[in-house]
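The following exercises ask the student to read a structure step by step. Each task is followed by a worked solution.

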Amino acid sequence: MAKLKIGVPSDDKPVKIALELPATVHRDLVAYAEVLARDSGHPIGDPARLIAPMLARFMATDRAFTKSRRRKMEGVERG
C-alpha cells in the first residue's frame, strides 16, 4: 500500500469554481485517484474531488504561507 499524502475526500459543502488543468496534470490526477481508490477500498467517482484536499494539504504544509497567515491573523486580532 502506498503512503499517500491525502485521504478520501470528506463530504463538505462545496464552492464551485471553474478550473483548467494541463492534460498531464489531469492524467496524474486520474492516476492518483486510481491509486487512492485501490489502497483505500473507496472508489473515487470524480478525480476532481481530490483537488480541494490536495490544495488544503499543500497550504497546510507550506511554512511561509502558514507564517504569513499567522502574522495577518495576529494583526487583525490586535487592530
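**Exercise 1.** Leaving aside neighbours within four places in sequence, with which residues is Y32 in contact?

*Solution.* The model is predicted: local features need pLDDT of at least 70, side-chain atom pairs count only at pLDDT 80 or more, and totals for chains, interfaces and linings use all residues. Residues are numbered from 1 along each chain as its sequence is written, and side-chain values use heavy atoms, without hydrogens and water. Contact means heavy atoms within 4.5 Å. By this rule, Y32 is in contact with L4, K5, I6, L50 and M54.

**Exercise 2.** State which residues L50 touches, and which residues make up the largest nonpolar core.

*Solution.* Not counting residues up to four places away in sequence, L50 touches I6, P9, L29, Y32, A33, L36 and I44. A nonpolar core is a set of buried Ala, Val, Leu, Ile, Met, Phe, Trp, Tyr and Cys residues joined through side-chain atoms within 4.5 Å. Buried means under 20% relative accessible area, exposed over 50%, and partly exposed in between (1.4 Å probe, protein chains only). The largest such core has 7 residues: I6, L29, A33, L36, A37, I44 and L50.

**Exercise 3.** Identify the salt bridge and state whether each partner is buried or exposed.

*Solution.* A salt bridge is a side-chain nitrogen of Lys or Arg within 4 Å of a carboxyl oxygen of Asp or Glu. The count is 1, and the side chains that meet are those of R38 and D39, at 3.9 Å from N to O. D39 counts as buried because its relative accessibility is 18%. R38 is exposed because its relative accessible area is 61%.
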